[in-house]
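The following paragraphs offer a guided reading of one protein model. Please keep the sequence and the coordinates at hand while following them.

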Amino acid sequence: MHLSDVLIQRVAAVNRVNRLLGHYVVKDRPQCTLSYKVSGHSEFVQDGKKYISDRNHIVFIPAGATYTFNCQETGECILLEFEAQQAGNELQSFLVHNDVEVLSLFNKIEQAYTFRRAGYRSYCMSGLYRLFYYMDIQQENAYIADQKKKRIQPGLDYLEAHIYDPALNCKTLSDLSGVSEVYFRKLFTLIYGLPPKHYIHLTRMEKAKGMLLSREMSIRQVAEETGFSDIYSFSKTFRKANDCTPSEYRRKR
């Protein structure tokens, strides 16, 4: 089943939970659900088939499904529940190449649903359809993406190790991979679903949001720690990504 076959009627709930280790039996789940385990590892089992649930997999649970949930490693999980017309009643586990983009989408939907400003219902549905699109595309391109990833692995390794370095740039990554900048961006976008620059900004934003929750750090310090050259560029990028300034985000949380 393709998620494009699912017609969303409304987003019913967005919750973060931390499961205890153990086995849980769920019968006739009332609503469709996307389950994304931000940390830890679990498995869903339905009719003998196992579906991985971790930072690199999103599990789609159709309404009416009966299954067993095995929490093997504790960690935070985001549950996005919605009402929809669906085709099929089997669980599906979707591979995630770009966990930063996926987590950002989940966070934006959660924020919109929590504060419920004008138009939040449409915003949540739009975000959910974006997740569907990303999951379907990744499913179709899984083999190709894995092969292309090997081609630029040196650059990806360097990116991971220096993600908060202000001097980080695409030319360095492409040189390390032995390809042109244009080709590196093309392969990176195929693998992660967005260009390197956008990926770097999203990663830094997720880190910054966590750091802003600590009152011990000033906004200037957060900007420096996440690889921005000055507080102005940090605030501008943060507002564009989160629809609020760093100060507003800190007050809301």
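Proline 246 is a suitable starting point: its relative accessible area is 3%, and because buried means under 20%, this proline counts as buried. The residue belongs to helix H10, which covers residues 246-252. Leucine 212 lies 34 residues away from proline 246 in sequence, while their C-alpha atoms are 7.3 Å apart in space. It should be kept in mind throughout that the model is predicted.

A second proline may be set beside this one. Proline 166 is placed in the loop between H4 and H5. Its relative accessibility is 55%, and since exposed means over 50%, proline 166 counts as exposed. Along the chain, 129 residues separate proline 166 from lysine 37, and the distance from C-alpha to C-alpha is 30 Å.

The two helices joined by that loop deserve attention in their own right. Helix H4 comprises residues 153-161 and helix H5 residues 170-177; their axes come within 6 Å and cross at roughly 140 degrees. How are H4 and H5 oriented to each other? Angles over 145 degrees count as roughly antiparallel and those from 65 to 115 as roughly perpendicular, so the pair, at roughly 140 degrees, is classed as oblique. The crossing of H4 and H5 is right-handed.

The next stretch to consider involves helices H8 and H9. Serine 229 is located in the loop between helix H8 (219-225) and helix H9 (231-242). With a relative accessibility of 65%, serine 229 is exposed. A distance of 48 Å separates its C-alpha atom from that of tyrosine 24, and the two residues are 205 positions apart along the chain. Isoleucine 231, by contrast, is part of helix H9. The relative accessible area of isoleucine 231 is 27%, a value between the limits of 20% and 50%, and the residue is therefore partly exposed. Isoleucine 231 and glutamine 86 are 145 residues apart along the chain, with 46 Å between their C-alpha atoms.

Backbone geometry forms the next topic. Most residues other than glycine have a negative phi. Aspartate 28 has a positive phi, near 50 degrees, although it is not a glycine. This aspartate lies in the loop that runs between strand S2 (22-26) and strand S3 (32-37), and it is exposed, at 55% relative accessible area. Arginine 116 also has a positive phi near 50 degrees in a residue other than glycine. The loop that holds arginine 116 lies between helix H1 (99-115) and H2. At 44% relative accessibility, arginine 116 falls in the partly exposed class.

Helix H2 leads on to the interior space of the model. Rolling a probe the size of a water molecule over the atoms shows where empty space is left. How many cavities of 30 Å³ or more does a search of the whole structure find? The search finds 1 such cavity, and the volume of the largest cavity is about 30 Å³. Its lining consists of Val11, Tyr113, Tyr120, Arg121 and Cys124. Helix H2, which spans residues 120-140, supplies the largest share of this lining, namely 3 residues. By chemical class, the lining of the largest cavity has 4 nonpolar residues, no polar residue and 1 charged residue.

Terms used
Residues numbered from 1 in each chain as written. Predicted model: local features only at pLDDT ≥ 70, side-chain atom pairs only at ≥ 80, totals over all residues. Heavy atoms only, no water. 1 Å grid on protein atoms, 1.4 Å probe; cavity = no way out; pocket = protein on both sides within 12 Å on 5 of 7 lines; lining within 4 Å. Points joined across faces, edges and corners; volume = space filled by probe spheres on them. Helix = DSSP H or I, 4+ residues; strand = E, 2+ residues; numbered from the N terminus. Nonpolar A, V, L, I, M, F, W, Y, C, P; charged D, E, K, R; others polar. Buried < 20%, exposed > 50% of the residue type's maximum accessible area, 1.4 Å probe, protein only. Axes fitted to C-alpha atoms, helices over the stretch in contact; angles between N-to-C directions. Parallel < 35°, antiparallel > 145°, perpendicular 65-115°, else oblique. Left-handed = near helix turned anticlockwise from the far one by under 90°.
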